[in-house]
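I opened this model to look up its charged contacts, a surface patch and a sheet. My notes follow in the order I made them.

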Amino acid sequence: MSTLRLFYALWPDTALADTLASWAARAQPHSKGRPMRTETLHMTLAFLGAVEQDIAAELVDATPYHRLLPGAVPIDRYGVFARPRILWAGPQHTPEPLQASHDGLWLWLSAFGFTPPPQPFRPHVTLLRNIERPEPPADAPPPVTWRYDRMVLVASESTDGGSRYRVLARSRPQPG
Ligand code: 2AM
């Protein structure tokens, strides 16, 4: 059976995506590397990898009902993942409610047969790939607050021009 490469993420609105793109542009002269396209910028909550079509269909149906508690995450620093050569933006400290949403998501996903990765959650937005410097720029732009109330289920598809992301489902915001 064929599979889909899936992940859950927070997706920024266009204003925040533009701000994150400006963070990428500001770091690029220092870090070099390839900026992510503005419309692809996101914060991954859970990477599932290759998922069978029937499980993917179950996730699409169930995702609207897995409601996230609304929260906010400060984007206040640059960071580097040296081995995959990524320059990212993210919080200095993971907010406890975001950690709880991450943990709750994986608990919910366990009912579908998924197990969480062994490494701790490191919330980040990948800004540049294939960077040429192992340290981030010394100064970050002014911090921004990312307010979220839902997550998206995304399929990552290989195309001739690289990866393309397709949103398959959205969780519903908590009723107000
Ligand atoms: P990254 O930006 O740090 O590479 C789609 O690939 C999303 O899932 C990206 O945000 C990616 O993070 C994240 N991800 C997490 N674990 C991954 C893995 N083992 N392989 C590929 N992507 C992963």
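Entry 1, salt bridges. I searched the whole structure and got four salt bridges. I note that the model is a predicted one.

I then asked which residues are linked in a network of salt bridges. They are Glu157, Arg164 and Arg166. Arg164 bridges to Glu157, with the closest N and O atoms 3.0 Å apart. Arg166 also forms a salt bridge with Glu157, and here the closest N and O atoms are 2.6 Å apart.

I looked up how accessible the two arginines are. Arg164 has 40% relative accessibility, so I put it down as partly exposed. Arg166 has 34%, so it is entered as partly exposed too.

Another salt bridge I looked up joins the side chains of Arg37 and Glu39, at 3.3 Å from N to O. I checked both ends for exposure. Arg37 is partly exposed, because its relative accessibility is 42%. Glu39 has a relative accessible area of 53% and is therefore exposed; the cut-off for that class is over 50%.

Entry 2, negative patch. I asked which residues form the negative surface patch. The patch consists of Glu52, Asp54, Glu58 and Asp61. I went on to ask which element gives the most to it. That is helix 2, residues 53-62, which supplies three residues.

I looked up Glu52 separately. Glu52 lies in strand 3, which covers residues 43-52. Its relative accessibility is 36%, so I list Glu52 as partly exposed. A patch residue needs over 30% relative accessible area and no salt bridge, and the 36% of Glu52 is consistent with the first of these conditions.

Entry 3, the sheet. I traced an open sheet of four strands, in the order 2-7-6-5, with antiparallel pairing. Strand 2 (34-35) and strand 5 (77-81) are the edge strands; each has a single partner, so one side of each has no neighbour in the sheet. For background, I wrote down that the strands of a sheet pair through backbone hydrogen bonds, either parallel or antiparallel.

I then asked how many bridges join strand 5 to strand 6. I found five, between strand 5 and residues 86-90 of strand 6, and the two strands run antiparallel. I also asked which residue in strand 6 stands opposite Val80. It is Leu87.

Notes
Residues are numbered from 1 along each chain as its sequence is written. This is a predicted model: local features need pLDDT of at least 70, side-chain atom pairs count only at pLDDT 80 or more; totals for chains, interfaces and linings use all residues. Side-chain values use heavy atoms; hydrogens and water are left out. Patches are made of residues with over 30% relative accessible area and no salt bridge: like charges are joined within 9 Å, nonpolar side chains (Val, Leu, Ile, Met, Phe, Trp, Tyr) within 5 Å. Accessible areas come from the Shrake-Rupley method with a 1.4 Å probe; for residues, only the protein chains shown count as cover. Lys and Arg count as positive and Asp and Glu as negative; His and the chain ends are not counted. The place of a charge is taken as NZ of Lys, CZ of Arg, CG of Asp or CD of Glu. Buried means under 20% relative accessible area, exposed over 50%, partly exposed in between (1.4 Å probe, protein chains only). Two strands pair if DSSP finds at least two bridges between them.
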